[in-house]
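Biologist: I have the structure open and want to go through salt bridges, empty spaces and surface. Please reason briefly and finish each reply on what I asked for.

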Amino acid sequence: MYLWQKAALASSLVLFSVSSLAAKVTDELDIGGAVRINYGWKDYDNNAKLEFELFRADVNYQDKDGIFASAQYRWYQDMDVIHHAYMGYQFDEAQSVQVGVTQVPFGFLPYAAHSFWFSAAYYLGFEDDYDAGIHYKNEQNGWRYDLAYFANDEYGDGSRYDRYSFDVATTDQSSYEESGQLNARVEREFTTGDVTHKLGGSFQFSQLDFVANETNTDGEDVDSIAAAAHWQADWKKWQLQLQYMHYDYDVEGSNRIAISAFQYQSDIAAEADVAIVNIAKSFDVDWGPITQLSCYNDYSQVMSSGQGLDDSIQNVTGCAISAGKLYSYVDWIAGKNMYFVNGSGVGIDNGDTSWHSRLNINVGFYF
């Protein structure tokens with residue numbers, strides 16, 4: 001069965017199930033999804049093409065008593081994965097709790113970038129990451145507090161590489177998987193003159209279990225920490241984002257650790273600093289169906305040092321285009337020693353740390 005046939009069948013089943021459920025309840029139930037196509041040109045290969053990128057299904061529910069739920073499942077060309085799936089309770093206007101596969105509260109939320117490609121933090125597992133656990137949020141009087149505990153990654157299996165968000169991977173050389181993680185985040189929103197600020201900090205402590213295999217039979221469980229400070233300033237239609245973070249996986253005898261997503265695993269520096277500088281401006285336009293543009297430059301740099309390590313840089317210049325239910329990205333990505341721009345990982349040196357670039361155009365229909 002072709003991928004588009006699988007997606008169509010899945011969509012039909014979701015819609016049928018939702019129609020049956022909607023007939024039985026009177027609470028709010030929203031069903032949606034997206035279909036996206038993608039064109040990519042790369043300066044490091046000769047394989048430019050237009051192709052199907054994604055079909056996804058979204059389900060969101062909330063009743064008058066404060067119970068809510070949300071789930072999203074994605075079908076890509078070569079894999080299908082869970083994005084998130086949680087249920088929760090809204091105690092009052094300020095406080096809520098979520099249980100399930102939910103977003104890790106760390107750094108800028110929901111993303112530390114404006115582009116389709118996120119920032120370098122995403123490829124390290126510190127942006128738009130979803131794990132299995134419980135997340136408490138309190139948001140009032142300009143303050144937001146997040147406290148969360150995650151028992152493991154979204155699948156509870158470090159050897160599964162087909163996943164959406166990046167997690168520690170179990171490999172022959174780096175035999176670990178996520179097993180227990182605590183996150184705390186605080187953010188203050190305030191206004192000075194015409195500028196609205198968001199200033200915050202995040203802390204993460206996690207444990208990694210050693211998983212014995214034929215190649216690596218002797219090892220110990222390890223800990224890791226990460227911390228970040230972020231600031232966002234919005235003035236008229238301009239937005240500036242700054243974030244600085246440090247992380248450290250305390251792996252014994254190595255300055256690398258494996259990470260995986262989208263069916264692949266690669267190495268990242270076990271310890272590094274990450275700087276993010278983003279600037280964007282939105283424009284209201286009247287160009288036929290196009291009503292808004294958001295143009296940006298997202299810069300991020302991973303700074304690592306040591307034998308076999310080197311800095312990684314990613315810079316994305318582009319625009320997001322809104323036209324009714326169509327939402328598109330046109331991005332020029334330049335990367336030095338950067339995963340997904342012909343780099344073998346992030347923050348590592350496998351012998352080729354040169355600059356590469358790619359043009360990416362993504363058109364999505366969201367319903």
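Biologist: Is R36 buried or exposed?
Modeller: Keep in mind that this is a predicted model. The relative accessible area of R36 is 7%. The cut-off for burial is under 20%. Because 7% falls under that limit, R36 counts as buried.

Biologist: Which residue does R36 pair with in a salt bridge?
Modeller: Side chains of opposite charge can pair when their charged atoms come close. For R36, the closest N and O atoms of the bridge are 2.7 Å apart. The partner has a relative accessible area of 15%, so it is buried. That partner is E53.

Biologist: How many residues apart in sequence are the parts that E53 and R36 tie together?
Modeller: R36 sits in strand β1, residues 28-42. E53 sits in strand β2, which covers residues 49-62. The pair therefore ties together parts whose separation in sequence is 17 residues.

Biologist: Which residue forms a salt bridge with K49?
Modeller: K49 is partly exposed, at 40% relative accessibility. Its partner lies in strand β2 and is partly exposed too, with a relative accessible area of 29%. The closest N and O atoms of this bridge are 4.0 Å apart. The partner is E51.

Biologist: What separates the C-alpha atoms of E51 and Q77?
Modeller: Along the chain, E51 and Q77 are 26 residues apart. In space, their C-alpha atoms are separated by 9.0 Å.

Biologist: Which residues join R144 and D146 in one salt-bridge network?
Modeller: Start with the pair itself. The side chains of D146 and R144 meet at 2.8 Å, N to O. Both D146 and R144 are buried. Salt bridges with shared partners extend the network to R185 and E187.

Biologist: How many salt bridges does the whole structure hold?
Modeller: The pairs discussed include E53 with R36 and K49 with E51. D146 with R144 is another. A search of the whole structure gives a total of 14.

Biologist: Now the empty spaces. Which strand gives the largest share of the lining of the largest cavity?
Modeller: Rolling a probe the size of a water molecule over the atoms shows where empty space is left. At least two lining residues of the largest cavity come from each of β8 (167-168), β9 (176-192) and β10. The largest share is three residues. It comes from β10.

Biologist: What volume does the largest cavity have?
Modeller: The structure holds four cavities of 30 Å³ or more. The largest has 15 lining residues, with V168, E178, Q181, Q204 and Y249 closest to its centre. By class, that lining has seven nonpolar, five polar and three charged residues. The volume is about 100 Å³.

Biologist: Which strand gives the largest share of the lining of the second largest pocket?
Modeller: This pocket has a volume of about 300 Å³. Two elements give two or more residues to its lining: β13 (256-261) and β14 (264-269). The largest share is three residues, and it comes from β13.

Biologist: How many residues of the lining of that second largest pocket are charged?
Modeller: The lining has 19 residues, of which Q173, S174, S175, Y176 and N216 lie nearest the pocket centre. Six of the lining residues are nonpolar and eight are polar. The charged ones number five.

Biologist: On to the surface. What is the area of the nonpolar patch that includes L147?
Modeller: L147 lies in strand β7. With a relative accessible area of 46%, L147 is partly exposed. It passes the patch cut-off because that cut-off is over 30%. M87, V99, I134, Y149, L182, F203, F205 and I225 complete a patch of about 830 Å².

Biologist: Which elements give two or more residues to that patch?
Modeller: One of them holds L147. Their residue ranges are 143-153 and 195-210. They are β7 and β10.

Biologist: Last one. How far apart in space are K325 and A132?
Modeller: K325 is in the loop between β17 (312-323) and β18 (326-336). K325 is exposed, with a relative accessible area of 53%. In sequence, K325 and A132 are 193 residues apart. In space, C-alpha to C-alpha, they are separated by 31 Å.

Notes
Residues numbered from 1 in each chain as written. Predicted model: local features only at pLDDT ≥ 70, side-chain atom pairs only at ≥ 80, totals over all residues. Heavy atoms only, no water. 1 Å grid on protein atoms, 1.4 Å probe; cavity = no way out; pocket = protein on both sides within 12 Å on 5 of 7 lines; lining within 4 Å. Points joined across faces, edges and corners; volume = space filled by probe spheres on them. Helix = DSSP H or I, 4+ residues; strand = E, 2+ residues; numbered from the N terminus. Nonpolar A, V, L, I, M, F, W, Y, C, P; charged D, E, K, R; others polar. Patch = residues over 30% accessible without salt bridge, like charges linked within 9 Å, V, L, I, M, F, W, Y side chains within 5 Å. Areas by Shrake-Rupley, 256 points an atom, 1.4 Å probe, with all protein chains shown as cover. Buried < 20%, exposed > 50% of the residue type's maximum accessible area, 1.4 Å probe, protein only.
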